[in-house]
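User: I want to go through the reasoning behind some labels on this model. Please set each value against its cut-off.

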Amino acid sequence: MVEILCPHCEEEIELDDDAVGEFSCPYCDGEFEWGEPEEEEADLDFGDFNKVHSGTIGLIYKPAMLAFTLVMVIITVVGLNSGSWYGASATMEDSNGEGEINYDFGLSEAEVSAHYVGDGGNDTLKTDDIFGYEDMEKELLRMQKKLEEREEGFATAESVGLGEMADWWADWASSGSLLYFFLIMSLIFFIIILISKILLLLDEKGNMELPANLIGVLNKGDNISTFVTGILLLIGCVIYAIMIPGVLDGSTASPFSSTGCISGHCDNDTDLSAGMGMIWWTTIILSIGYCSASILGLMEEWKIADAQAS
């Protein structure tokens, strides 16, 4: 109990220690206010958002999204070092033997492997080369310039072809650089999100104590940041698929034009196939799944916001 003086009659009045609000003096019936309400603005702002992962949903959703984010970090790192974003292969067969050539396109270089077996299996040839996109572009432009100088500035069919091939490799370089940018940005955001989720989980398990305001901010931005980052990576992969120069588009600049295959139609007994690589498909599928999982969390937040409004 606490003793105070009535502001009207100055008689002593006893109130509870936690008494707050308007009171009436028992001696003079005068009304007065006592105490100040505690500031609960932070709890009002963030309290309900902190419940979004509580209960059964929290037991499953939070650890699952933490693991999913770790998977996205790993797949992004793998993607940055992968040489299998796009692949193409051609198999050829004639009376002398059969052969196969494979192209694996990465972000900055292509690995080319060729295998030929002839003369009843007695003649075998295997080669493996790596071609950097920018190096190939520079070399072809150098050859084009040298040829034009020899032809006294006239653009022959051969020099035009060299220019087209240089442009073909330049397109690979630009599309690879753009995807590299999206991968780096996504990796940075994934790492930040991963740290945020770890902090929230440690706080929830009692292993560390975070300020209530910080927990509220992290919970509010958690699902939005996961959705935006997943979309960022997805957009990067889609733009890459649109920008890359095809090997089946009929372009004579494609190295596969020398195999007799244009737009998928091959002369003699030659078969050509090409398409997006395994790392591209894996990244696309995981990005869609990551975005979908974050939408579930956003829906829970919207339900809580609707409940607050009503």
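Analyst: Gladly. The model is predicted. Start with burial: tryptophan 85 and tyrosine 240 are both buried. Each therefore has under 20% relative accessible area.

User: What makes tryptophan 85 and tyrosine 240 an aromatic pair, and why is the pair called edge-to-face?

Analyst: Two values decide. The ring centres of tryptophan 85 and tyrosine 240 lie 6.1 Å apart, and the limit for a pair is 6.5 Å. Their planes meet at 65°. Over 60 degrees counts as edge-to-face, so the label holds for this pair.

User: Why is this pair said to tie together separate parts of the sequence?

Analyst: Tryptophan 85 sits in the loop between helix 2 and strand 5 (86-93), while tyrosine 240 belongs to helix 5 (residues 212-243). The two parts are 155 residues apart in sequence, so the pair ties them together.

User: How many aromatic pairs are there by this rule?

Analyst: The count is 15. One of them joins phenylalanine 68 and tyrosine 290, with centres 5.2 Å apart and planes at 85°, so this pair is edge-to-face. Phenylalanine 68 is in helix 2 (residues 55-81) and tyrosine 290 in helix 6 (residues 278-309), 222 residues apart. Both residues are buried.

User: How do you know that strand 3 and strand 4 pair?

Analyst: Pairing needs at least two bridges. Strand 3 (residues 21-24) and strand 4 (residues 31-34) have four, in the antiparallel sense, so they pair. Glycine 21 has tryptophan 34 in strand 4 as its bridge partner. The two strands form a hairpin with six residues between them. In the turn, aspartate 29 has a positive phi of about 60°.

Conventions: Residues numbered from 1 in each chain as written. Predicted model: local features only at pLDDT ≥ 70, side-chain atom pairs only at ≥ 80, totals over all residues. Heavy atoms only, no water. Phe/Tyr/Trp six-rings, centres within 6.5 Å; stacked < 30°, edge-to-face > 60°. Buried < 20%, exposed > 50% of the residue type's maximum accessible area, 1.4 Å probe, protein only.
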